[in-house]
Amino acid sequence: MTCPLCPRRCPVDRARETGFCGAGPLPVVATACVHRREEPPLSGTHGSGAVFFAGCNLRCVFCQNHEISRAVSGEALSPEGLADVFFDLAAQGVHNINLVTPTPHIPTVAAAIRIAKSAGLTLPFVYNTSAYETVEALRTLAGFIDIYLPDLKYRDEDTARRYAQAPGYFEAATAAILEMTRQVGTELVLSGGLLKRGLLIRHLVLPGQRKDALRILDWIAATLPDAAVSLMVQYIPAHRAGEYPELNRRLTTFEYNSVAAHMQTLGLTKGYHQAPAAAVADYIPAFSPPTSDL
Ligand code: SF4
């Protein structure tokens with residue numbers, strides 16, 4: 001058997017075995033909490049209801065969540081149990097349900113969303129992902145996900161292999177993003193300043209990888225010129241970054257500002273970027289307001 005969820009296509013029976021990501025047949029939720037540091041239309045005033053899944057199919061050496069992403073032990077949740085997690089977050093007043101690193105759990109996530117929606121949950125579901133997943137797996141989520149939030153992380157093949165052990169990352173992630181676009185489009189649908197539907201492509205600028213960031217923006221501008229982009233500045237040398245001298249520092253102002261300027265030059269004027277010296281929470285609306293506000 002082969003797991004069809006991500007490009008690794010591990011030769012395992014997920015009902016009994018684990019593959020590269022370490023995820024079992026049912027998801028383990030490392031933590032579920034109110035998250036106030038997503039982009040403003042996601043966090044709003046009451047926060048985003050983040051569900052952090054244990055297990056990840058990438059191995060980013062600078063991962064800030066490595067204790068979560070590698071900790072795959074814990075209570076495994078059935079679709080009904082996961083739907084209960086969604087309702088617990090909804091009861092805390094969050095604006096959406098934010099599924100963080102859901103790729104290894106797509107079948108259970110889809111089943112849980114179906115249960116939650118059938119039981120009356122009306123919050124938007126956010127699919128918060130590194131986009132290293134298969135188109136066939138994403139197709140099973142059509143109609144369940146309201147907001148896709150892919151982090152397009154690497155352009156260069158050697159970089160993806162070196163930092164994340166992810167061969168074919170860019171080709172897989174861009175195909176995934178095109179499928180996400182097919183499902184929800186690129187228009188940001190907002191109500192009261194809160195995102196209800198659409199696609200927001202993230203990119204975390206890495207130290208020493210300015211040209212990789214420029215090429216990623218080039219692809220977005222050429223392929224999805226109407227897409228909203230969140231250009232992230234909050235890199236810190238976490239986890240194993242100290243083993244990679246070029247990654248063992250914060251971004252320089254020049255690195256970030258030059259990438260942000262390129263984004264503007266390309267006409268990618270929807271979305272968000274951050275001031276280099278600002279705290280992580282200090283997102284600055286980019287160059288024009290969102291496209292719609294119902
Ligand atoms: S989701 Fe996990 S088990 Fe499935 S192919 Fe990817 S890494 Fe392998």
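**Exercise 1. The second largest cavity**

Start with the second largest cavity, which has a volume of about 40 Å³. Your task is to find which residues line the second largest cavity and how they divide by class.

*Solution.* Keep in mind throughout that this is a predicted model.

Step 1. The second largest cavity is lined by Phe62, Asp151, Lys153, Tyr154, His203, Leu204 and Leu206.

Step 2. Sorted by class, this lining has 4 nonpolar, 1 polar and 2 charged residues.

Step 3. Now pick out Phe62 from the lining. Phe62 belongs to the loop between strand 2 and helix 2. Its relative accessible area is 6%, under the 20% limit, so Phe62 is buried.

Step 4. Look across the sequence from Phe62. Ala241 is 179 residues away along the chain, yet the two C-alpha atoms are 4.9 Å apart.

**Exercise 2. The ligand and its cavity**

Find where the ligand sits, and describe what surrounds the ligand.

*Solution.* Step 1. Searching the whole structure gives 3 cavities of 30 Å³ or more. The ligand sits in the largest cavity, whose space comes to about 100 Å³.

Step 2. The lining of the largest cavity is made of 14 residues, and those nearest its centre are Cys3, Cys6, Cys10, Arg14 and Cys21. By class, the lining holds 8 nonpolar, 3 polar and 3 charged residues.

Step 3. Turn from the cavity to the ligand itself. Around the ligand you will find Cys3, Leu5, Cys6, Arg8, Arg9, Cys10, Arg14, Gly19, Phe20, Cys21, Asn57 and Pro104.

Step 4. This shell divides into 7 nonpolar, 2 polar and 3 charged residues.

**Exercise 3. The largest pocket**

Work out which residues lie closest to the centre of the largest pocket, and which element gives the most to its lining.

*Solution.* Step 1. The largest pocket holds about 990 Å³ of space. Its lining has 36 residues, and Cys63, Gln64, Asn65, Asp151 and Lys153 are the closest to the centre.

Step 2. Next, look for elements that give two or more residues to this lining: they are strand 2 (48-53), helix 2 (66-70), strand 4 (125-129) and strand 7 (194-204).

Step 3. Helix 2 gives the most, with 4 residues.

Step 4. To finish, sort the lining of the largest pocket by class: 14 nonpolar, 14 polar and 8 charged residues.

Step 5. Compare the lists from the first exercise and this one. Asp151 and Lys153 line the second largest cavity, and both are among the residues closest to the centre of the largest pocket.

**Exercise 4. Aromatic pairs**

Classify the ring pairs Tyr154 with Tyr169 and Tyr163 with Tyr244, and say where each partner lies in the chain.

*Solution.* Step 1. A pair of aromatic rings is described by the distance of the centres and the angle of the planes. The structure has 7 aromatic pairs.

Step 2. For Tyr154 and Tyr169, the ring centres are 5.4 Å apart and the planes meet at 80 degrees, so this pair is edge-to-face. It joins distant parts of the chain, 15 residues apart: Tyr154 is in the loop between strand 5 (147-150) and helix 6 (157-164), while Tyr169 is in helix 7 (residues 169-184).

Step 3. Are these two residues buried or exposed? Tyr154 has a relative accessible area of 0% and is buried. Tyr169 is buried too, with a relative accessible area of 0%.

Step 4. For Tyr163 and Tyr244, the centres are 5.8 Å apart and the planes are at 85 degrees, so this pair is also edge-to-face. Tyr163 is in helix 6 and Tyr244 in the loop between strand 8 (228-232) and helix 9 (253-265), so the pair ties together parts 81 residues apart in sequence. Both Tyr163 and Tyr244 are buried.

Step 5. Finally, trace a cluster: ring pairs link Tyr132, Tyr154 and Tyr169.

**Exercise 5. Positive phi**

Describe the place and the accessibility of Ala131 and His239, two residues with a positive phi.

*Solution.* Step 1. Most residues other than glycine have a negative phi. Ala131, however, has a phi near 70 degrees, and the phi of His239 is near 55 degrees.

Step 2. Place both in the chain. Ala131 is in the loop between strand 4 and helix 5 (135-139), and His239 is in the loop between strand 8 and helix 9.

Step 3. Ala131 has 0% relative accessibility and counts as buried, whereas His239, at 38%, counts as partly exposed.

Technical notes:
Residues are numbered from 1 along each chain as its sequence is written. This is a predicted model: local features need pLDDT of at least 70, side-chain atom pairs count only at pLDDT 80 or more; totals for chains, interfaces and linings use all residues. Side-chain values use heavy atoms; hydrogens and water are left out. A residue is near a molecule or strand if one of its heavy atoms lies within 4 Å of it. On a 1 Å grid over the protein atoms alone, a cavity is a set of points where a 1.4 Å probe fits but cannot get out, and a pocket is an open set with protein on both sides within 12 Å along at least five of seven lines; lining residues have an atom within 4 Å of a point. A molecule sits in a cavity or pocket if more than half of its atoms lie within 2 Å of its grid points. Ala, Val, Leu, Ile, Met, Phe, Trp, Tyr, Cys and Pro count as nonpolar, Asp, Glu, Lys and Arg as charged, and the others, Gly among them, as polar. Grid points are joined across faces, edges and corners, and a volume is the space filled by probe spheres set on the points. Rings of Phe, Tyr and Trp (its six-membered ring) pair if their centres lie within 6.5 Å; planes under 30 degrees apart count as stacked, over 60 as edge-to-face and the rest as tilted. Buried means under 20% relative accessible area, exposed over 50%, partly exposed in between (1.4 Å probe, protein chains only).
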